[in-house]
Structures are given as C-alpha cells and as structure tokens.
Amino acid sequence: MKRRFLLKAAATLPFAFAGVTTAAPLRRRVRPGDPLWPSAAAWDDLKRSVGGRLVKLDAPFAGCAAGADAPACAAALARLKNGFEMGDQPNFTHTSGWLDAWSSQPSAYAVAAHTPADVVAAVNFARTHDLRLVVKGGGHSYQGTSDAPDSLLVWTRHMNDVRLEPAFVAHNCGTAPQPAVTVGAGAMWIDAYDAVTTRAGRYVQGGGCTTVGVAGLVQSGGFGSFSKRYGTAAAGLLEAEVVTADGQVRIANACTNADLFWALKGGGGGSVGIVTRLTLRTRELPATFGAVFCKVRAADDAAFRALVGKLVEFYAKDLFNPHWGEQIGIHGDNTVDVSMVFQDLDEAGAARTWAPLLDWLRAHPGCSFEKPFQVLALPARHMWDAAFFREHAPGFMVADPRPGAPAHHVIWKGDTDQEGWFIHGYKSAWLPAGLLDPTRQAGLADALFQASRHWSVGLHFNKGLAGAPQADIDAARATATNPAVLDAFALAIIAGGDGPRFPGMPGGAVDTVRGRARAQAIGRAMDALLAVAPRAGAYVSESDYFQAGWQDAFWGANYPRLAQVKRRYDPDGLFFVRHGVGSEAWSDDGFTRLAE
C-alpha cells in the first residue's frame, strides 16, 4: 500500500473504530445452518408482515444441473439477452462476477418491497436476527454489492413510481418552490427520462445506461452523458426518504437530517440506510442533443503518437467546455474511437468545432478514417424517446421485447454488451485539468500512448467536472463525492472482461489464466497513466475491486465526515458494503466484525 494511502486510512480510524481494543471478541452474523438462524415460523412472520412478498431464492442457473435443456435453465439463459428481464429477477445481477474477487450468488431470501413499511420490516428482522443485509435496486454494481450468499435482500425494484413536482419545497425548508421529480428507489433512469424529458420537456441529471437504478447512481455520485453541463446526479438531490438501521423512516434534506442527506449524496449506496424515494431537481432542456462518431487508424507507432498528441491539444482548445461529453478510446492497435455527445449545438456548429482536427487528419498521410466522421443532432426532448428512435434511427436503441413491456423501456445498443459481463480488471483515475496546460500536454499524450501499449484507455470527459459551469461545480462540492472530481477534466477507465460467467451456467467456465494475464495488463496500463497523475482519485462505482487506500481514493478529505455519519446512524454496522463507509470493521464478506 502506498504510504500516503496508509496514512490517510489511518487518519479515519478514530471515526470508524471508536473504542476498539485488540482484545475485543469477534462477532459473526448468522448464516443458514447456525443455531440462531431464524426458524421457519420467524420467516413466516416476516412474510406476513410484508404482505406475502418474501421470496426464497435459488441461484439463477440452479436448474441447469438437470441439463442445459431443462426449462428453468433455458429461461435463465434467455434472460441474459434482455437486461430489463434480468433486472426483474431478484436472483440476477447485471454483472456476473470479478475474477479472484466475487461471483454472483443470490441471497437466501428477498423482501420484494413495495412500500417503506416493507423495508422497515426487513431492516428490523435483519437487526433482530443479526443477518447480513443486502440492498438491490438496479443491480448494476461492478463490486458485487447488490448480492451476497446467506443474506437477506431488500429488493426495491417494484418501488418504481415517478411523479413530477412542478413546485417542490423540501420538508421543513422555507426555500422557494422549484421544478423537481420524485422517484421510487427501484426506478431506472429510463423511467425518469421518459417522464421528465420525453413527456414533460425538462432535464434531470442521471446516468448514461438507461437500466441503471436511480437511487444507486445518486448515492455513488452519478454521471451521465451531459454531466459536463449539468453536474452530478448527487448534486441534484433535493430530498430523500430513507430507512435507517433503527427501523425509522426519516426525511433527509438540507434542513432535516442534513448530515445524513449529505452522506447520501455520493457517500456510496447501502452504507448508511436504505433509500425508498428521492426527489431530484429538474432543469430546462437545451434546444438540441447530439453525437459525433468516428474511428481513426494510424499507420505506425510514430503516427499514433502524433495522433494522440493532436487529440490532447484539440480537446484542450476546442472541447473542454460544457457543450461536450462522453468518451474517446485510445487502443493498442493504433486506433482512436470517438463517441462524443454535445448539447445546445446544431449539426453545423458541431461540425465546425471538429473542422480543425479533421483538416489536420486529412493532411497527415499516416492517419486514415476506419469509420467516417459523422455528426447527428436531434431535438433534446427526443433524446430518450423510444418512439422517435424507432421511426428515425432504428438500431440505436433496443426495446424490451417481452409482451406488455412498457413502450419506453429501451436501452442504448452499445450498453447491451455489458449484460451479465464478468470482469477481469477495472481501474479508474480522475485526471486533473492541469494536465491540459500546454506545457504538460506532451507528458499526458506520452502517458496515454504508453498505457495503450498494455490496454485500451477510455477518456470519459463527462465524468470530470472541470470545464463545467461554476454553479454546477459548486453544487458538486457540497456532496460527499471525492473533491478530486471538481478539478478533473476526465475520468480515465481501463477495464476488460468476458461475457456472462454466472455459477452453474452452461459454458460459463472461467479461464483464470487468460483473465489474470488481462488483469495484469490492465494494471500496467493504469500504472503508465498514473505516472502523470500519481495522486488521482477513483470513482467508487467504476473502480478496482482491490483498490489500495480506498477511503482516500473514493472520498478524499470527505471520508472522516462520512465515517462520523455512519457511526451516528448505524453504530452497529447493520448496513455493510465492502470498501464502503465503515467497512474497515468487517471481514470482506461482511459476516465477521473484526472488532467492537
């Protein structure tokens, strides 16, 4: 562990381990088969208290033991093709595991919560019986935080109502009314976008992948395609309803339980309570949203170095502003993939922005277009409009094909490849805007080139707030998200994996030799990039499972305050998320408390 990370982590220990002594006995949560595991009668009581919505879970591919043609096995395999259907199953997660880290294994039971009272009943039951508790809304966690064997799952998928609030005033706050939207904890971003943008003509800052859960994204900080203009999702939170470890339903906003409210804004999901609803600020739409695509190939390493250098210069001069977001991929085969979005420009304006780079490319015989430069723009109201895309751009979005599925349930085609994926390695780093200074651009370009010799690098410009409007930077400053994001021009992501590898799945064997080699290459690539950003933080939701000094990497100077909030609202550690606030006190699986 790096010395700086060690010192930072040690600084948080008084908050996380108040009263710890080395002689303190270990405490273990109860598992099935233990004498204190709840009796059948106790589970029946819980089932009655939640209106019959207690489900005993089996692994999704348990039916495959009888052969791949068994109906249950065939149904499970079919679900892998539809992220919406996967999300509708309490025993499925959108990520199937991480090599040498975790694999998707369902809880023993799930409360399919429909009301806050259902959540309260589950929390009280888990606390009384000393059970491992897990929370799942969207189920997209790369870190495996939305499932755990031998646990009780609070599954919020059915709490998915969306209600527009034309003149919202936070509870006990004397602030002026403002437009907002209230969503249940199980709603996905496509549900919010359909209500707010497609039907009401306004904007809410959310995630890029439409099947991601609203509550989880907000609690992790939350970036979408247009974060460079509208800030983080967490900064847009106006109020939350949350069930805390004592079984109380609390309102959290800037005026009521303000410390809890702050912790929910980027402090990580599932650490301080279970959110049951959220109210988010909505904003005026720009005239247009749009996208730019192309793929450029360099003839050799020398041409590729020149290309990467020109991209860095071009971004700093022409794209480092609120109009532009999303990503550029820099690959080891000497290609660059551009998949960028823009707001409040028309097609002609976007094309003019890119003209200097296009002129440079045409003048360099060592570079050629593998995919032609393309600009698309549309009225902003149609950005998530399923009917519009079916008519004008079929193939961009994929609909939930099940009979009776909501017509607005669509996902970007490019996101379908992630369904059920198995991770070999995943690292992220916020790159400070100082690297765009003309005197440092060559160093950044060289680091990107060196990193690409080991693995592809994705520069996600929308996941760094430098270049955003000052008001949105200030709003993000008032959240628990690592302050490093405020001065970052991009989040660099270096990651790789395989298709689904769920336990028991036919054809789901993990090639550990190949996977470990890929994970090592990913690590070498990030090491090359960190040569120019050695103190970069990492985004909690998109980061290394084995992150060293995670408290500092995920939350920076905010961690001690987060630890205090955790100690106040959950002193016994009912809510556990590995590498989440307060998790230092527990074993990696969350079953053994290392000290009291």
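This is a short tour of strands, helices and aromatic rings to select in your viewer. Keep in mind that the model is predicted.

**Stop 1: strand S5**

Start by selecting residues 109–112, which make up strand S5. Turn on the side chains: Tyr109 and Val111 point one way, while Ala110 and Ala112 point the other. In a regular strand the side chains alternate between the two faces of the sheet. Are these four S5 residues buried or exposed? All of them are buried.

Now add the neighbours. Strand S2, residues 54–56, pairs with S5 in the antiparallel sense over three bridges. Click on Val55 and you'll find Ala110 of S5 standing opposite. Next, bring up strand S7, residues 152–155, which runs parallel to S5 and is joined to S5 by four bridges. To see one of these contacts, select Tyr109 together with Leu152, its bridge partner in S7.

**Stop 2: the five-stranded sheet**

Move on to an open sheet with the strand order S8-S9-S13-S11-S12 and antiparallel pairing. Which strands sit at the edges? They are S8 (162–168) and S12 (249–253), each pairing on one side only. Rotate the view and follow the twist, which averages 20 degrees from one strand to the next.

Inside this sheet, pick S11 (residues 237–243) and S13 (residues 274–281); six bridges join these antiparallel strands. Glu239 has Thr279 as its bridge partner in S13.

Then show the helices. Helix H6, residues 116–129, lies across S11, S12 and S13, and runs at about 50 degrees to S11. Helix H7, residues 189–199, lies across S8, S9 (178–184) and S13, at about 50 degrees to S8.

**Stop 3: the aromatics**

How many aromatic pairs does the structure hold? There are 38. For a good example, select Trp550 and Tyr559: the ring centres are 5.8 Å apart and the planes are at 90 degrees, so this pair counts as edge-to-face. Both residues are buried.

For a bigger selection, highlight Trp189, Tyr193, Tyr203, Phe226, Tyr230, Phe289 and Trp384, which form one aromatic cluster.

**Stop 4: arginines over rings**

Finish with two arginines. Select Arg29 and Trp586: the charged end of Arg29 sits over the ring of Trp586, 3.8 Å from the ring's centre. Then jump to Arg578, which lies over the face of Tyr545 at 3.7 Å from the ring centre.

Note on methods:
Residues numbered from 1 in each chain as written. Predicted model: local features only at pLDDT ≥ 70, side-chain atom pairs only at ≥ 80, totals over all residues. Heavy atoms only, no water. Buried < 20%, exposed > 50% of the residue type's maximum accessible area, 1.4 Å probe, protein only. Helix = DSSP H or I, 4+ residues; strand = E, 2+ residues; numbered from the N terminus. Pairing = 2+ DSSP bridges. Phe/Tyr/Trp six-rings, centres within 6.5 Å; stacked < 30°, edge-to-face > 60°. Lys NZ or Arg CZ within 6 Å of the ring centre and 35° of its normal. Axes fitted to C-alpha atoms, helices over the stretch in contact; angles between N-to-C directions. Contact = heavy atoms within 4.5 Å.
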